[in-house]
Amino acid sequence: MKRRTFLKGSALGSMVAFFASSNLNASLLKDKDLLNFKEVLASTEDKVIVPDGYKAEILISWGDPLFKKASNYDEKKNIDKKAIENAKLVFGDNNDGMSFFPLMENKAILAINNEYINPEIMFNHQGKDLTLDDVLYEQASLGVSILEIQKEKDQWSVVLDSKYNRRIDANTKMSVSGPAKQQVLQNEKFVYGTLNNCANGKTPWGTYLTCEENINDFFGSLDEKIEFSKEQLRFGFKTQSQYGWEKFDERFDLSKNPQETNKFGWVVEIDPFDPNSIPVKRTALGRFKHENAELIVENDGTVVVYMGDDEANEFIYKFVSKHKYQKGSDTSKILDEGILYVAQFNGKIGDFMGNGKWIELEYGKNNLDEKNGFNSQADVLINARIAGSIVGATPMDRCEWIASHKESGSVEVFATLTNNKNNTNPNPANPRTKNVYGQIIKWKHKSSHKDNEFTWEIFALAGNPDNQTSLNKGSNNITSKNKFNSPDGLSFDRDGRLWIQTDGNYSNKEEFEGMGNNCMLAANPKTGEIKRFLTGPIACEITGIAFSQDYKTMFIGIQHPGEKLKGSTFPYGKTPRSSIVAISKIDGGVIGS
Ligand code: FEO
Ligand code: CA
Ligand code: CA
């Protein structure tokens, strides 16, 4: 009964003590080379702002051609058969996670997710009068775009008609592998399409991982009396879908094709070097609302993949491969065989630190058996969320990206917990009810990412130190200058800067006053110092990050500028279009240095 008092009072006190003990206030520890840029102030302007001494250039925007025969973006928004065919030849909408694959000096492939579409921007009818052609146009506008880029005179551009250029969409042929293969495929050989490709991962064997997130938004039921199973309900399927595809494409009608849903919600592996390769859905990594897939190779070749499930009160997962990776060896089974674990974070509310463990999601263990509805490992993987609940995983405040500084061999891992307005039952790692700001947590293993146990602490509790009280002021490394909400994208660069991208409330009012548009910050993971590096245009999310080999160009994504018709005209003063931005230092130095 004293819980709230405890949280408001002593919790904040112990947090101050905790951060003081990790030298957060000790300016002596500031590493000048790590965050050596002039910080950018919060902004509500409709443009990308980077620090003094940097430039930001548009590389490609939704609708820009990948092939010479494609037409440029049609500002008239005329959707007909020709427009549908054209959509398969241009950069997709709502760019999200991306990876950079070097080819040779000054040439590379970018693989970029196209997460979803904004009907209110895409169509003159703003989505209110959808037709079959509109749905086919939408299906061709999401998925993944693969494109070759080249650098000439310090400027990157897209190589039209490159043999690598490729679009993967909601109808592309895909195969399925791993323990749930048969159950997903039923009697078919292939599945079709990838959906809601959120963030990403990259393997050392040169493949791209695209992660399927809110796939339920695309399914509905024309039979309004449909009764959903507990598995469907846990994944968020509803009678009325967000996009209305079920009205035009039977495949997305749950009353006719309930099995179709099991074909989505996976991590999909793509070979960007072979445009004819068939993407593979890797079921061993579990089915949930995937964010990114942070892949680490241990010294002995074991592959560890960290993955978050972005839904309120869902979990964090880790896959540990059975097969070892060795340069040049067969990599086709590495992501098919291994153990999937789910995280449990323990401790005391108000300590902001504690310990935790990884719990196996293996059929026949930890009550994952017939009496709980699991008849095979396929059942466990397809319904990983339900399995996680049974084994006692910790409900999290919507885990977005997970990142580890692989180059240093670190056994530390950071994760963004974006926000959780539905948190009514705080726990040590997710200590706030109605968490509107989000936090960044880190955990550390003793010797290896394979360890079953870890210690954890909160790295940053986002908040507003200027108009909030208690925990909503945020941790000591949140200041009037760097305050932000809803951390989402998260990635280390080679030198160990921790880049943070936000997908939050951009109203700039009340509890969010002074935070401005969504932005990107960089943190020193050792000292906890955080500085704003970039601000985005109106109503966008900043998401997706990749570096050139020399770390002198940083590619970032501006997603859905002007969503919900909020009035952006980024980037060209016309229809707002999601875009990839190439950022470089005018003096040619490493980004952030
Ligand atoms: Fe696609 Fe959770 O962001
Ligand atoms: Ca995200
Ligand atoms: Ca998000």
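Let me start with the two metals: the calcium ion (ligand 2) and the calcium ion (ligand 3) lie 3.7 Å apart, and Glu-400 coordinates both. Keep in mind that this is a predicted model.

Glu-400 belongs to strand β20, residues 399-403, while Asp-488 belongs to strand β24, residues 487-492; the two are 88 residues apart, and the pair links distant parts of the chain. Glu-400 and Asp-488 are both buried.

Now each ion in turn. Which protein atoms are the donors of the calcium ion (ligand 2)? They are an OE atom of Glu-291, an OE atom of Glu-400, and two entries for OD of Asp-488, at 2.0 to 2.7 Å from the ion. Along the sequence, the donor residues of ligand 2 follow the spacing E-x108-E-x87-D.

For the calcium ion (ligand 3), the coordinating atoms come from Glu-400 (OE), Asp-488 (OD) and Asp-503 (OD), at 2.3 to 2.5 Å. The spacing of the donor residues here is E-x87-D-x14-D.

My last residue is Asp-310. It sits in the loop between β14, residues 302-309, and β15, residues 312-314. Is Asp-310 buried or exposed? Its relative accessible area is 6%, and buried means under 20%, so Asp-310 counts as buried.

Leaving aside residues up to four places away in sequence, Asp-310 touches Glu-213, Asn-214, Lys-289, Glu-291, Arg-398, Cys-399 and Glu-400. With Arg-398 there is also a side-chain to side-chain polar contact of 2.7 Å. Two residues on that contact list, Glu-291 and Glu-400, are also donors of the calcium ion (ligand 2).

Technical notes: Residues numbered from 1 in each chain as written. Chains lettered and ligands numbered in written order. Predicted model: local features only at pLDDT ≥ 70, side-chain atom pairs only at ≥ 80, totals over all residues. Heavy atoms only, no water. Helix = DSSP H or I, 4+ residues; strand = E, 2+ residues; numbered from the N terminus. Buried < 20%, exposed > 50% of the residue type's maximum accessible area, 1.4 Å probe, protein only. Polar contact = N/O pair within 3.5 Å; in protein donor to acceptor, adjacent residues only side chain to side chain. Contact = heavy atoms within 4.5 Å. Donors = N, O, S within 2.8 Å, 3.2 Å for Na, K, Ca; no water.
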